[in-house]
There are 2 protein chains.
Amino acid sequence: MNPATANIEEAILSAILAGRIDPGTRLGEQKLADLFGVSRTRVREAMMRLETRGVVQVSARRGWYVVEPSAEEAREAFQTRRVIETGLLHSLREVPAEVLKSLKEHVAMERDAIGAGDVHSRACLLGDFHIHLADALGNRLLTEIIRDLTARTTLISMLYQPTEKAEESSHDHEDIVAAMEDGDLARAARLMDEHIGKVEAGLDLTAKPDPLAGLRALLSPAAFAGNAPSVPPIHAQPPHDQPHIHGHPATKED
Amino acid sequence: MNPATANIEEAILSAILAGRIDPGTRLGEQKLADLFGVSRTRVREAMMRLETRGVVQVSARRGWYVVEPSAEEAREAFQTRRVIETGLLHSLREVPAEVLKSLKEHVAMERDAIGAGDVHSRACLLGDFHIHLADALGNRLLTEIIRDLTARTTLISMLYQPTEKAEESSHDHEDIVAAMEDGDLARAARLMDEHIGKVEAGLDLTAKPDPLAGLRALLSPAAFAGNAPSVPPIHAQPPHDQPHIHGHPATKED
DNA sequence: GCTCACAAACTTGTATACAAGGCTGTAAGC
DNA sequence: GCTTACAGCCTTGTATACAAGTTTGTGAGC
């Protein structure tokens, strides 16, 4: 693969994994081309690769957007992760010492980040745990699949999870590693199943991704009470600034 | 996604799943463009998507080639399939009646194809079983992952499996469906694990993919005995007709 | 004041032109 | 006869130009 194209692809994917790009963000070809100092051609290549990996979507002649998974797609993503990651733990016969060491170090880093209140790197680390775990098998193919899935669930969390329960997740990770250390991989798999289930359950999948959510706040009684500035409320956040892809129009009954 | 581009992508992937395109086949951009009646641009898009899915690879300024997985990559692909498909069966709580019906019909089709000696559709059906099984969860994301993996293992089988044990595979499928029908999904998962293990074990991963294999036959003693026509043996099958990607040069000791 | 139609600006979609590099066949030199 | 250098051809790599469609801003009409 072309290194420059790979860089664009990797840069965007990393930014998403790190939670630095919101779902629904528009990624204009020309803007990215200028940013990376290449022509649109290369940007388009990268975007199409990312589209295949389920990270971005194109809306015809409107632009590329970071995906905003629907509730149904969110369920599928978590189910898929559950299937793969429990399957992975079940299929592990033994855990290599260095893998265990690496995982323990990773969990320690998670706790440090949480203790330091480093919201940014903590979200990144929590997702990274699962990618590290995939490395336990030394299977690059599987690792890449899990990496893409993690990117997807990261976006889902940003969409549907108002409050991130970082401490709880990190504690779960710790328990999973402990089970692995005991050589009780069946327990590790069960814990993983529960862990992913918890994360999924913590989401509010009924709260559809709604690009007008911010607008609604402006339309709340408080706004009408007069504490909003003279900004015209209807156009304060025009819909096209964060357009949606999956067809969740503003609910009409509002 | 653009429909025309999707068609090219899908056409090539289907052909691979059906075993109609050999690993290592060169896919020239211009040739495909003429074939599909579009410009190279669209072909390149499709190829890059397929590259992301692990189906083709580009060799700089030489062309696109259907992947020839190395022995290591073959092991990874089978391990990944084992992880995912056993994980899938374990996570199934119950098997919907219509899924069971569909799977039974599929196995029946496999047996018919084997009985009729229809080599072509039988290979396609054997791979399709796993894709159908993924549908059991109704999870499109997981189905697509398994579909790509199946494409990969199909190519691997074509590279490393001289004799396909179709009857045995079909019988395995039958047993798995039977276990599912009994509601014994743990047994189904175990059988699946064994089944994939058997398929993998049936491969000769020591036999590196060797584009000069056909050439070697010409150089065998029989050829020297004079039953080969006056075709100059060295250039009868020039290496560049089926170039290799993964760096398995002709062994020098020959 | 409000609605609707239209035009301008902007964005992606597609093709094409040219650049850059690899492979093959040929011929010169040994 | 054998090796090696080189020219020509072929293929992909990249940029750019233009086509097609979408969104938005403006102004006429009611």
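This chat goes through the contact between chain A and chain B in a predicted model.

User: How many residues does each chain put into the contact?

Analyst: There are 28 residues from chain B and 28 residues from chain A.

User: And what area is buried between them?

Analyst: About 2,600 Å² is buried between chain B and chain A, and carbon and sulfur atoms give 56% of that. On the side of chain B, Thr52(B), Val83(B) and Leu141(B) supply 22% of the area buried against chain A, more than any other three residues.

User: What about salt bridges, how many between the chains?

Analyst: The count is six. One of them joins the side chains of Glu45(B) and Arg44(A), at 3.5 Å from N to O. For polar contacts, 14 residue pairs are found across the interface, with both residues at pLDDT 80 or more.

User: Which helices of chain B supply at least two residues to that side?

Analyst: Helix 3 (40-52), helix 4 (71-91) and helix 7 (140-160) each do. Helix 4 of chain B gives the most, with 11 residues.

User: What is the make-up of that side by class?

Analyst: The side of chain B that touches chain A has 11 nonpolar, eight polar and nine charged residues.

User: Switching topic: what turn lays chain B on chain A?

Analyst: A turn of 180° with a shift of 0.0 Å along the axis does it, with an RMSD of 0.0 Å. The two copies are therefore related as by a two-fold rotation axis.

User: Which C-alpha of chain B is nearest the axis?

Analyst: That of Gly87(B), 2.0 Å from the axis.

User: Do the copies meet through the same surface or different ones, and why?

Analyst: The same surface, because 100% of the interface residues of chain B are also interface residues in chain A.

Terms used:
Residues numbered from 1 in each chain as written. Chains lettered and ligands numbered in written order. Predicted model: local features only at pLDDT ≥ 70, side-chain atom pairs only at ≥ 80, totals over all residues. Heavy atoms only, no water. Contact = heavy atoms within 4.5 Å. Buried area = accessible area lost by both parts, 1.4 Å probe. Salt bridge = Lys/Arg side-chain N within 4 Å of Asp/Glu carboxyl O. Polar contact = N/O pair within 3.5 Å; in protein donor to acceptor, adjacent residues only side chain to side chain. Helix = DSSP H or I, 4+ residues; strand = E, 2+ residues; numbered from the N terminus. Nonpolar A, V, L, I, M, F, W, Y, C, P; charged D, E, K, R; others polar. Least-squares fit on C-alpha atoms with pLDDT ≥ 70 in both.
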